[in-house]
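Hi,

Here's the structure I promised to pass on. Have a look at it first, and then read my notes below.

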Amino acid sequence: IMSIVKQCKIIVVDGPYYNEESGHMAPLTRLPLGSEILVIGSNVEVIRSKNPNALKEANCLLYFGWREILEAIVNEMPNLEWIHSLSSGVDHFLYPQLLQSPIIITNAKGAFSSLLAEYTMAAI
């Protein structure tokens, strides 16, 4: 049995407060074979300064930020196929052109459920 795995060329957008020393992106060092992070940045200008070709090459976007930043980045990514939001909701950054595009949008829904439940129980 053969499986087909899509190779992702990823741009990570972690908002304006990204700190490379924080280590919170460490799990991304264990990506599937053939996938790679091209750049981590907070906006188009930072991404271009770190890797001038990333916006044209990337087909995946791992995103945490605001709609205006997302819209500017998406407009510069001709090969974009998939956006994954690090937040549990995506309605705060959706806009008509994105909704009408063939880009797949996923999110982290449920990723924080057990943590929130534990916090709630502890707070009671």
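Which strands does helix 3 lie across, and at about what angle does helix 3 run to strand 3? Keep in mind that this is a predicted model. Helix 3 lies across strand 1, strand 3 and strand 4 (82-85), and its angle to strand 3 is about 165°.

Now for the sheet those strands belong to. It's an open sheet with five strands in the order 2-1-3-4-5, and the pairing is parallel. Strand 2 and strand 5 (104-106) sit at the edges, so to speak: each of them pairs on one side only. On average, neighbouring strands in this sheet are turned by 20° against each other, ignoring direction. If you want to trace one pair by eye, try strand 1 and strand 2, which pair in the parallel sense over five bridges. For example, Val13 has Gly41 in strand 2 as its bridge partner.

Next, the inside. The largest nonpolar core has 22 residues, and Ile11, Leu61, Leu70 and Ile83 have the most contacts inside it. Several elements supply at least two residues each to this core, including strand 1 (9-13), strand 2 (36-41), helix 1 (44-50) and helix 3 (67-75). Helix 3 gives the most, with three residues.

Leu70 is a good one to click on. Leaving aside neighbours within four places in sequence, Leu70 is in contact with Leu61, Tyr63, Ile83, Phe93, Tyr95 and Leu98. Apart from the largest core there's another one, of six residues, among them Cys8, Ile40, Cys60 and Leu62.

Cheers

Definitions and conventions: Residues numbered from 1 in each chain as written. Predicted model: local features only at pLDDT ≥ 70, side-chain atom pairs only at ≥ 80, totals over all residues. Heavy atoms only, no water. Core = buried A, V, L, I, M, F, W, Y, C linked by side-chain atoms within 4.5 Å. Buried < 20%, exposed > 50% of the residue type's maximum accessible area, 1.4 Å probe, protein only. Helix = DSSP H or I, 4+ residues; strand = E, 2+ residues; numbered from the N terminus. Contact = heavy atoms within 4.5 Å. Pairing = 2+ DSSP bridges. Axes fitted to C-alpha atoms, helices over the stretch in contact; angles between N-to-C directions.
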